[in-house]
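Thank you all for coming; I would like to walk through one structure with you this morning, slowly enough that anyone who has not met it before can follow. Let me put it on the screen.

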Amino acid sequence: MPWSPRRHAADTTAMLNRAINQVVGEAAFIDKLAPLGFFAVADPSPAALTTYIDRQRPIWELIVKLSGARVE
């Protein structure tokens, strides 16, 4: 699930992905997110996260554009 620079070492990214997925799957972590209205999602691989972001980007670009939000 980690998102890192493109040239980041693949073995480091894989190690981070495993560690993050382990924490995200723990009941204590899930229980802390729930009252905040969040839920944990563990991606099987960094590539899965990249695919998800690539699919979501055009949707959120349109929402931001239609909202009229601006960076100041």
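Let me begin with a single residue: is G37 buried or exposed? With a relative accessible area of 63%, G37 is exposed, because the cut-off for that word is anything over 50%. As for where G37 sits, you will find it in the loop that runs between α2, residues 27-33, and α3, residues 46-67. If you look from G37 across to R70, the two are 33 residues apart in sequence, and their C-alpha atoms lie 26 Å apart in space.

Before going further, I should say that this is a predicted model, and that the mean pLDDT of the protein chain is 85, with 92% of the residues reaching 70 or more. Among the elements, α2 has the highest mean pLDDT, at 92, while helix α1, covering residues 10-24, has the lowest, at 86. The caution to keep in mind is that predicted coordinates should not be read in detail where pLDDT is low.

Let me stay with α1, which has 15 residues and reaches 21 Å from its first C-alpha to its last, close to the 21 Å expected at 1.5 Å a residue. Which residues of α1 are buried? They are T13, N17, N21 and V24, and because they cover an arc of only 65° around the axis, they fall on the same side of the helix. D11, R18 and Q22, by contrast, are exposed on the other side of α1. If you ask what covers the buried residues of α1, the answer includes α2 and α3.

One of those buried residues deserves a second look, namely V24, which counts as buried because its relative accessibility is 7%, under the cut-off of 20%. V24 and V41 are 17 residues apart along the chain, and yet their C-alpha atoms are separated by 7.0 Å.

Now please turn to α3, whose 22 residues should span 32 Å at 1.5 Å a residue; the end C-alpha atoms are 30 Å apart, so the two values agree. This helix does bend, by about 35° at R57, and a proline, P58, follows within four residues. Just after α3, G68 takes a positive phi of about 80°.

R57 also takes part in a contact of another kind, since its side chain meets that of D54 in a salt bridge, at 3.3 Å from N to O. A search of the whole structure finds 1 salt bridge. Why are these two separated by about one helical turn? It is because D54 and R57 are 3 residues apart in helix α3. Both partners have intermediate accessibility: D54 counts as partly exposed at 44%, and R57 is partly exposed with a relative accessible area of 39%.

I will stop there and leave the model on the screen, in case anyone would like to go back over a particular region.

How values were computed. Residues numbered from 1 in each chain as written. Heavy atoms only, no water. Buried < 20%, exposed > 50% of the residue type's maximum accessible area, 1.4 Å probe, protein only. pLDDT = per-residue confidence, 0-100. Expected span 1.5 Å × (residues − 1). Bend = angle between axes of the 7 residues up to and from the residue. Salt bridge = Lys/Arg side-chain N within 4 Å of Asp/Glu carboxyl O. Arc of directions from axis to C-beta. Contact = heavy atoms within 4.5 Å.
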